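User: Hi! I'm new to protein structures and would like a close look at a single part of this one.

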Amino acid sequence: MVTSRARGRWAALLLAGLTPVVAELTLGNPPLRQAWLLLLWMPIYGAGTVLIRELVRRTGRGWPAILMLGAAYGIVEEGLALQALTSPTIYGVADWAPRILGLNSAYTELNILYHAVFSVALPILLVDLIVPALRHRPYLGRAGLVVAGVVFVLGALLLRWTTAFIDPGHQAPPAALAVFVLAIVVLTVLALRSVPRPPGLPAAALRTVPAPPVVACLAGVVAFGYLALLFPFGGARHPSFTQGGWVVVPMVVAALLAVVAGVLLRRWTAHGGWRDRHSLALAGGALVAHTAFGVIANGENATDRVSLAALGLVMIGLLALLARRTR
């Protein structure tokens with residue numbers, strides 16, 4: 001029992017450390033020369049993802065709950081801590097697309113799903129593959145759960161304090177903050193109460209599941225496509241180099257892409273033909289495409305782009321080692 005608890009704590013620490021690396025560093029935000037910034041983000045990122053995993057495992061819920069709580073996490077970070085969803089100045093995101101009811105529309109669409117997938121779901125999936133013996137169990141006891149919750153709140157406050165220097169003077173309207181809190185509560189309740197528990201494997205014949213290389217390619221296309229549709233890059237000021245009202249087109253296409261990917265993934269994972277090698281292919285394809293997009297869009301200079309590409313090669317090597325272990 002002591003060994004199991006120790007392994008759980010190490011797995012929780014691994015998840016906490018891996019989360020900001022996946023969510024930020026492998027996208028080139030920040031560049032490797034500013035990797036120390038991860039120390040500021042680790043409390044909210046790491047503790048937030050650990051807290052989500054603990055809640056889901058304790059209530060016996062599955063991946064839909066993880067994604068819903070990941071979306072709630074995105075609202076906490078972007079809406080309450082950074083307040084970037086409503087800021088007219090931070091990062092210049094208010095100019096990406098028309099503001100709707102005071103929200104930076106394209107930035108909101110991009111980041112809520114981004115956090116659900118890259119800040120929460122993929123780190124949890126990777127650690128489940130690294131420590132398969134604990135994948136269906138909580139990592140921490142009650143005291144650890146409380147500590148994760150406290151660190152998460154303190155991390156959000158730390159991020160809010162540092163944002164005061166990045167975006168001075170902005171304070172989200174009280175009505176917007178109230179809506180964000182309500183959305184977080186609704187998503188949390190739906191995730192932990194209303195989402196059905198994962199079904200058992202079907203007794204009937206299994207449907208065909210794509211081979212892992214196909215899954216990896218599709219995951220890469222979806223990840224790269226979603227980012228490229230919504231994040232202005234290559235000198236563009238608006239998503240997908242659009243102008244005026246045409247900005248709605250890539251926003252709609254990105255939403256449809258996410259829906260189609262979600263439907264296909266839910267169908268494939270609902271059957272026993274889905275194995276760990278498929279999960280690793282899914283994570284690997286998304287992460288490689290994610291870093292490739294970062295090289296194109298986030299590098300401020302050649303040094304940043306080369307260093308991020310080198311980090312991507314290291315990541316591919318580590319994924320290959322995990323693939324050997326998974327087989």
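User: At roughly what angle do the axes of helix H9 and helix H10 cross?

Analyst: Happy to help! This is a predicted model, where local features need pLDDT of at least 70, side-chain atom pairs count only at pLDDT 80 or more, and totals for chains, interfaces and linings use all residues. Residues are numbered from 1 along each chain as its sequence is written, and side-chain values use heavy atoms, leaving out hydrogens and water.

The axes of H9 (residues 276-297) and H10 (residues 302-326) cross at roughly 175° and come within 10 Å. Helices here are DSSP runs of H or I with at least four residues, numbered from the N terminus. Axes are lines fitted to C-alpha atoms over the stretch in contact, with angles from 0 to 180 degrees between N-to-C directions. The two helices are therefore roughly antiparallel, a label for angles over 145 degrees. Residues in the contact (heavy atoms within 4.5 Å) include Leu280, Gly284 and Leu287 of H9, and Leu308, Gly312 and Met315 of H10.

Now look at the loop between H9 and H10, where Glu300 sits. The side chain of Glu300 meets that of Arg33 in a salt bridge, 3.2 Å from N to O. The term means a side-chain nitrogen of Lys or Arg within 4 Å of a carboxyl oxygen of Asp or Glu. Arg33 lies in the loop between helix H1 (2-23) and helix H2 (38-59), 267 residues apart from Glu300. Glu300 counts as exposed because its relative accessibility is 64%, while Arg33, at 47%, is partly exposed. For these labels, buried is under 20% relative accessible area, exposed is over 50%, and partly exposed is in between (1.4 Å probe, protein chains only).

How values were computed:
Angles under 35 degrees count as roughly parallel, over 145 as roughly antiparallel, 65 to 115 as roughly perpendicular and the rest as oblique.
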